[in-house]
Amino acid sequence: MNEAMNLALVFGTLTLTCWMVGGAIAVIGNAEHCHPHRQQISGFVSLGLNILGLVCAILMGAVLVAQ
């Protein structure tokens, strides 16, 4: 049970980190003086990090339900 809780904490930490970094990249990428190509790349990176965060959140819930 202790290992399951530690694994859930790791997935929760990864979820929060992915969403925070994805949000920061989205804000930085949408700066007014930013090159359009950089805005497109930051959009893809932000989307990828948000999807990864969602996957980690689902895995965290699955670990908690499975214990």
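Contact here means heavy atoms within 4.5 Å of each other. With that in mind, this predicted model can be introduced through its two helices, for the protein chain has two helices and zero strands. The radius of gyration of the protein chain is 15 Å, well over the 11 Å that the globule rule gives for 67 residues, so the chain is more spread out than a compact globule. The points below begin with the chain as a whole, then turn to the pairing of the helices and to individual residues.

**Overall form**

- Measured out along its principal axes, the C-alpha trace of the protein chain spans about 50 × 10 × 10 Å.
- Of the 67 residues in the protein chain, 21% are buried, and the chain exposes about 4,900 Å², of which carbon and sulfur atoms supply 74%.
- When contacts between residues at least 6 apart in sequence are considered, 81% of them in the protein chain join residues that are at least 24 apart.

**How the two helices pair**

- Helix α1 covers residues 2–29, while helix α2 covers residues 36–66.
- The axes of α1 and α2 come within 8 Å and cross at roughly 160°.
- Because angles over 145 degrees count as roughly antiparallel, that crossing makes α1 roughly antiparallel to α2.
- The crossing of α1 and α2 is left-handed.

**G22 and S46**

- G22 has its place in helix α1, and with a relative accessible area of 0% G22 is buried, because buried means under 20%.
- Once neighbours within four places in sequence are left aside, G22 is in contact with S46 and L49.
- S46 is found in helix α2, where S46 is likewise buried, with a relative accessible area of 8%.
- On the same basis, leaving aside neighbours within four places in sequence, S46 is in contact with G22 and A26.

**T15 and C56**

- T15 is found in helix α1, and at 6% relative accessibility T15 counts as buried.
- Not counting residues up to four places away in sequence, T15 touches G53, C56 and A57.
- C56 lies in helix α2 and is buried, with a relative accessible area of 7%.
- Leaving aside neighbours within four places in sequence, C56 is in contact with F11, L14 and T15, so that the pairing of T15 with C56 appears from the side of either residue.
- C56 and M1 are 55 residues apart along the chain, and their C-alpha atoms are separated by 19 Å.

**Q40**

- Q40 lies in helix α2, and at 46% relative accessibility Q40 counts as partly exposed, because that class runs between the 20% limit for buried residues and the 50% limit for exposed ones.
- The C-alpha atoms of Q40 and G29, which are 11 residues apart along the chain, are separated by 8.1 Å.
- G22 and Q40 are 18 residues apart in sequence, and from C-alpha to C-alpha they are 14 Å apart in space.

Technical notes
Residues are numbered from 1 along each chain as its sequence is written. This is a predicted model: local features need pLDDT of at least 70, side-chain atom pairs count only at pLDDT 80 or more; totals for chains, interfaces and linings use all residues. Side-chain values use heavy atoms; hydrogens and water are left out. Helices (H or I, at least four residues) and strands (E, at least two) are DSSP runs, numbered from the N terminus. The radius of gyration is taken over C-alpha atoms; the globule rule is 2.2 Å times the number of residues to the power 0.38. Buried means under 20% relative accessible area, exposed over 50%, partly exposed in between (1.4 Å probe, protein chains only). Accessible areas come from the Shrake-Rupley method with a 1.4 Å probe; for residues, only the protein chains shown count as cover. Axes are lines fitted to C-alpha atoms, for helices over the stretch in contact, and angles run from 0 to 180 degrees between N-to-C directions. Angles under 35 degrees count as roughly parallel, over 145 as roughly antiparallel, 65 to 115 as roughly perpendicular and the rest as oblique. A crossing is left-handed if the near helix is turned anticlockwise from the far one by less than a right angle, and right-handed if clockwise.
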